[in-house]
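Here are my notes on the model you sent round. They start from a single residue and work outwards.

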Amino acid sequence: MLPGIDGLEVCRMLRREQHQHLVLMLTARDSLQDKVEGLKGGADDYLTKPFAVDELIARMEALLRRGSSTGTDPVLRVGDLALDPVGKKVWRGEREISLTAKEFRLLAYLMSHSGAVISRTRLLNNVWDLSFDPETKVVDVYIRYLRSKIESVDEKPLIKTVRGFGYVISA
């Protein structure tokens, strides 16, 4: 019952985009059909109002236990680009791509926020640990490095510039 979109559609969008976040629907919709639709729509659990706080905490703990032990794929994916944060490897299709540590960190940050426009300042804060924008072009330079490595002539561009706002990675 969110404005303009409901939680079920938000959950479906997350699943279509292959986000691996755990989803606990907390809702006033308490019919059996609502519960079935919520779980089939991608929710990991469904709790109706009113609820006991102890039950909410127990369900969250159970989800976290399952989430950490399911062996979910830690590999980030955007289109045919894959990034393994554990093995520190990147592939575009079958082609393995060699990146520097900073390029890897930048790509991992972009991919973990796939579809969202990320500002230069936010990238500086989260990738370079700078809490201010020193009017540097380092982000632009590293984006160019990444593009040259992950986007060959015959491959679809994945990193896009959103003028005046920053960068977005999407398939």
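**Notes on the predicted model**

1. Arginine 59 is partly exposed, with a relative accessible area of 25%. That value lies above the cut-off for buried, which is under 20%, and does not reach the exposed class, which is over 50%. Bear in mind that this is a predicted model, and that the values below are computed from it.

2. Where does arginine 59 sit? Its place is in helix 3, which covers residues 53–69. Leaving aside neighbours within four places in sequence, arginine 59 is in contact with Asp45, Tyr46 and Leu47. For one of these, tyrosine 46, the C-alpha to C-alpha distance to arginine 59 is 9.1 Å, and the two residues are 13 apart in sequence.

3. Helix 5 takes in residues 120–127, and its buried residues are Leu123, Leu124 and Val127. They cover an arc of only 100° around the axis, which puts them on the same side of helix 5. The general background is that an α-helix has 3.6 residues a turn, so residues three or four places apart point the same way.

4. What do the buried residues of helix 5 pack against? Their partners are two helices and a strand: helix 4 (101–112), helix 6 (138–150) and strand 8 (166–169). Just after helix 5 comes aspartate 129, which has a positive phi of about 55°.

5. On the chain as a whole, there are six helices and eight strands. Read from the N terminus, the order of elements is α-β-α-β-α-β-β-β-β-α-α-α-β-β. The radius of gyration is 19 Å, well over the 16 Å that the globule rule gives for 171 residues, so the chain is more spread out than a compact globule. The C-alpha trace spans about 55 × 35 × 30 Å along its principal axes.

6. Buried residues make up 30% of the 171 in the chain. Taking contacts with a separation of 6 or more, 42% are between residues 24 or more positions apart.

7. Last, the surface and the charges. The chain exposes about 10700 Å², and 55% of that area is supplied by carbon and sulfur atoms. There are 26 positive and 24 negative charges, and the mean positions of the two sets are 3 Å apart.

Key:
Residues numbered from 1 in each chain as written. Predicted model: local features only at pLDDT ≥ 70, side-chain atom pairs only at ≥ 80, totals over all residues. Heavy atoms only, no water. Helix = DSSP H or I, 4+ residues; strand = E, 2+ residues; numbered from the N terminus. Rg over C-alpha atoms; globule rule 2.2 N^0.38 Å. Buried < 20%, exposed > 50% of the residue type's maximum accessible area, 1.4 Å probe, protein only. Contact = heavy atoms within 4.5 Å. Areas by Shrake-Rupley, 256 points an atom, 1.4 Å probe, with all protein chains shown as cover. Lys, Arg positive; Asp, Glu negative; His and termini not counted. Charge placed at Lys NZ, Arg CZ, Asp CG, Glu CD. Arc of directions from axis to C-beta.
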